[in-house]
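Here is a quick tour for anyone meeting this structure for the first time. Have a look at it below, and then we'll go through it piece by piece.

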Amino acid sequence: PRRAAIARRQIFTNKTNLNFVGGLAYTRQQDAANTTSTSQNNSLDGALAVQYSTFRFDSMTFDTTLWVYPGITTPGRLRMTFNQNIYYKFLGDFYVRLSFYDNYDNQPVVGAPTNNLGATTTLGWSFH
């Protein structure tokens, strides 16, 4: 979705950030070809978020974000996106990142699940 929002930094230190975001989101959605409906929908939704990030020991970072999209043009529809990332730097510039996401829609397309869950693991090297 495309978002226009205003954020308030509730906590802003050199180790921890907590932000609250509120605004609007415009979504242009086209259903996949393998679903029952192949309609294209445009919607205007509210956009509310909580973003939390904390840094520990100069090598570990935790990032959590929750977006909630209550429907405005589609009353009763609620979508949410949750992201969790854990980043750990070790042996100089090598790092491992664990990420988890959950996308929820209380009115999904027929044949689609209400939740889309996933996780990724990254092993990398940063050169900066």
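## Starting at Ser99

Let's begin with a small polar residue: the side chain of Ser99 makes a polar contact with the side chain of Asn85, at 2.5 Å. Keep in mind that what you're looking at is a predicted model. Ser99 sits in strand 6. Is Ser99 buried or exposed? With 16% relative accessibility, Ser99 counts as buried, because the cut-off for buried is under 20%.

Who else does Ser99 meet? Setting aside neighbours within four places in sequence, Ser99 is in contact with Gln84, Asn85, Gly118, Ala119 and Thr120.

## Strands 5, 6 and 7

Now for the strands in this part of the chain. Strand 5 covers residues 78–90, and twelve bridges join strand 5 to strand 6 (residues 94–105), with the two running antiparallel. One of the facing pairs is Lys89, which stands opposite Tyr95 in strand 6. On the other side of the pairing story, strand 6 is joined to strand 7 (residues 115–125) by eleven bridges, and these strands also run antiparallel. Here Phe94 has Trp125 in strand 7 as its bridge partner.

Thr81 gives another view of strand 5, where it is placed. The side chain of Thr81 makes a polar contact with the side chain of Asn103, at 3.3 Å. Not counting residues up to four places away in sequence, Thr81 touches Thr65, Leu66, Trp67, Tyr69, Asp102 and Asn103.

## The turn at Leu91

How many residues lie between strand 5 and strand 6 in their hairpin? There are three, and Leu91 is in that turn. Leu91 belongs to the loop between strand 5 and strand 6, and at 69% relative accessibility it counts as exposed.

The backbone of Leu91 deserves a second look too. Most residues other than glycine have a negative phi. Leu91, however, has a positive phi of about 45° although it is not a glycine.

## Rings and a charge

A search of the whole structure turns up four aromatic pairs. Why does the pair of Tyr88 and Phe90 count as stacked? Their ring centres are 6.2 Å apart and their planes lie at 10°, so the pair is stacked. Both residues have a middling exposure label: Tyr88 counts as partly exposed at 36% relative accessibility, and Phe90 counts as partly exposed at 28%.

Elsewhere, a charged residue meets a ring. Arg9 lies over the face of Phe12, at 4.0 Å from the ring centre.

## The nonpolar core

Which residues make up the largest nonpolar core? Six residues do: Val21, Ala25, Ala47, Ala49, Trp67 and Tyr69. Strand 2 (16–30), strand 3 (40–56) and strand 4 (60–70) each supply at least two residues of this core. There's a broader pattern to compare it with: in soluble globular proteins, nonpolar side chains tend to be buried together.

Ala47 is a handy guide to this group. Leaving out neighbours within four places in sequence, Ala47 is in contact with Val21, Gly22, Gly23, Leu24, Ala25, Trp67, Val68 and Tyr69.

## Strands 1 and 2

Strand 1 (residues 2–12) and strand 2 are joined by ten bridges and run antiparallel. A hairpin links the two through three residues. Across this pairing, Arg3 stands opposite Ala25 in strand 2.

Gln30 is also found in strand 2. At 57% relative accessibility, Gln30 counts as exposed. Gln30 and Asn42 are twelve residues apart in sequence, and their C-alpha atoms are 8.8 Å apart in space.

## A buried arginine

Last stop: Arg77, placed in the loop between strand 4 and strand 5. Arg77 is buried, with a relative accessible area of 11%. What does the side chain of Arg77 make a polar contact with? The partner is the side chain of Asp105, at 2.3 Å.

Asp105 turns up again among the contacts of Arg77, which, leaving aside neighbours within four places in sequence, are Gln29, Tyr69, Pro70, Gly71, Asp105, Asn106 and Gln107. Arg77 and Pro108 are 31 residues apart along the chain, and their C-alpha atoms are separated by 9.2 Å.

Key. Residues are numbered from 1 along each chain as its sequence is written. This is a predicted model: local features need pLDDT of at least 70, side-chain atom pairs count only at pLDDT 80 or more; totals for chains, interfaces and linings use all residues. Side-chain values use heavy atoms; hydrogens and water are left out. Helices (H or I, at least four residues) and strands (E, at least two) are DSSP runs, numbered from the N terminus. A polar contact is a pair of N or O atoms within 3.5 Å; within protein, one must be able to donate a hydrogen and the other to accept it, and residues adjacent in sequence count only if both atoms are side-chain atoms. Contact means heavy atoms within 4.5 Å. A nonpolar core is a set of buried Ala, Val, Leu, Ile, Met, Phe, Trp, Tyr and Cys residues joined through side-chain atoms within 4.5 Å. Buried means under 20% relative accessible area, exposed over 50%, partly exposed in between (1.4 Å probe, protein chains only). Two strands pair if DSSP finds at least two bridges between them. Rings of Phe, Tyr and Trp (its six-membered ring) pair if their centres lie within 6.5 Å; planes under 30 degrees apart count as stacked, over 60 as edge-to-face and the rest as tilted. A charge sits over a ring if NZ of Lys or CZ of Arg is within 6 Å of the ring centre and within 35 degrees of the ring normal.
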